[in-house]
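Colleague: Please choose one part of this model and take me through it closely, step by step, before you move on to other parts of the chain. I am still learning to read structures, so spell out the reasoning wherever there is some.

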Amino acid sequence: MKSWAGLIKKTRQVFGGLPDARKGKNTSCSMEDFATSAWSVFFTQSPSFLACQKTMQQNKGRRNAQTLLEMEEIPCENQTRETLDPVAPEQMFPLYDEGVESFKEQGMLESYRGVNGTIAIALDGTWYHSSEKIHCANCCCIEHSNGKKTYYHSAITPVIVAPGHPHAIALRPEFIVPQDGHPKQDCETAAGKRWIDKNSLRYAPLKATLLGEDIYAHQPTCRRARLNGFHFIFVCKPDSHIGLYQGGTCSSPVRACTSSLNASRTARSSNPTLTALPTGCHWPPRRMRSRSTGAN
Ligand SMILES: [Zn+2]
């Protein structure tokens, strides 16, 4: 895939394979057109999906939709929502792989390599829906002290980034949703662990370093990253890692505990967590070493 036409063709192929839950006669518009219609919002710079749909209904927008995006019909907003709502987000994941593959094919991924030739993958959570009224079974919920509740949907949306590169390359996300068999609410750290487990075979061979906020800088996540072939650089704040700063030698106020980028060559023990840390940075902190450090 080395052209816009190739990208559109591949994208519409994936859209064409989406499950179609419609019943009855009203199925003239194809799944390709419904999904392309929703996807087009990224190209029109429209402030909303509705504004995008209105633009496409106008003459010039219609021409663009047909020539640029190869759409045959432009479905209305409600039809698009109703048809795409039952489609699981995972059905779109092959598109992320296509994006990475095309960067690879064209040699552009190499320009994202940084320290020791590794590629940085930034893990970060983002909310994409929030309401005090509208909610569903997949919502997470914050209960406020005044009795109100905020329902929200969020996800980890990892991207390949590099200093000096204005563009990030989107990778498969991990949604933060209630998990089967887990009574507690899902959270970003748990989703981060799932993302590592699910995606290590796909992304670790890129020679990848995970970047993350302070919430990832805990032994289970660090260990999991190393066991799955990733390096990591996680922010490690003194106020949330008191033991580490008291017992270890990390004295800088916001010094990140990083994975040693050549940890495999300087492995100091069979414990992958210890081998992941640079010399002089002790994990677990001395006062915690009598406790188990097993991953969860
Ligand atoms: Zn919901």
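Modeller: Let us begin with helix α2 (residues 31–39) and its partner α6, whose axes are 10 Å apart and which pack at an angle of about 110 degrees, keeping in mind throughout that this is a predicted model. Angles from 65 to 115 degrees count as roughly perpendicular, and α2 and α6 are therefore described as roughly perpendicular to each other. On the α2 side the residues that meet the partner are Phe34, Ala35, Ser37 and Ala38, while α6 brings Thr80, Thr83 and Leu84 to them.

From α6 we can step to helix α4 (residues 49–57), since α6 (77–84) is among the elements that cover the buried residues of α4, along with α3 (41–44) and α5 (59–67). Those buried residues of α4 are Cys52, Gln53 and Met56. Seen down the axis of α4, they fall within an arc of 100 degrees, so they line one face of the helix. The general rule behind such a pattern is that an α-helix has 3.6 residues a turn, so residues three or four places apart point the same way.

One of the covering helices, α5, can be followed in more detail: α4 and α5 pack with their axes 4 Å apart, at an angle of about 95 degrees. That angle makes α4 roughly perpendicular to α5. The contact is formed by Thr55, Met56 and Gln57 from α4, together with Gly61, Arg62 and Ala65 from α5, and Met56 is also listed among the buried residues of α4.

Further along the chain, helix α7 (residues 93–105) allows a simple check of helix length: at 1.5 Å a residue, its 13 residues should span 18 Å, and because its end C-alpha atoms are 19 Å apart, the two values agree. After α7 comes Gly107, whose phi is positive, near 75 degrees.

The strands offer another view, and a useful one to trace is β4 (residues 149–156), which runs antiparallel to strand β2 (residues 125–131) and is joined to it by six bridges. Within this pairing, Trp127 stands opposite Ser154 of β4, and Ser130 has Tyr152 of β4 as its bridge partner. Strand β2 itself is hardly covered, for the count of buried residues among its seven residues is zero.

Strand β4 also pairs with β3 (residues 140–143), again in the antiparallel sense, over four bridges, and here Ile142 stands opposite Thr150 of β4. Together β3 and β4 form a hairpin with five residues between them, and in that turn Gly147 has a positive phi of about 95 degrees. A further antiparallel partner of β4 is strand β7 (residues 174–176), joined by three bridges, with Ile156 standing opposite Glu174 in β7.

To place these parts in the whole, the protein chain holds 11 helices and 10 strands, and 23% of its 296 residues count as buried. Of the contacts with a separation of 6 or more, 58% come from residues that are 24 or more positions apart.

Definitions and conventions:
Residues numbered from 1 in each chain as written. Predicted model: local features only at pLDDT ≥ 70, side-chain atom pairs only at ≥ 80, totals over all residues. Helix = DSSP H or I, 4+ residues; strand = E, 2+ residues; numbered from the N terminus. Expected span 1.5 Å × (residues − 1). Buried ≥ 20, exposed ≤ 12 C-beta atoms within 10 Å, placed from the backbone. Pairing = 2+ DSSP bridges. Arc of directions from axis to C-beta. Contact = placed C-beta atoms within 7 Å. Axes fitted to C-alpha atoms, helices over the stretch in contact; angles between N-to-C directions. Parallel < 35°, antiparallel > 145°, perpendicular 65-115°, else oblique.
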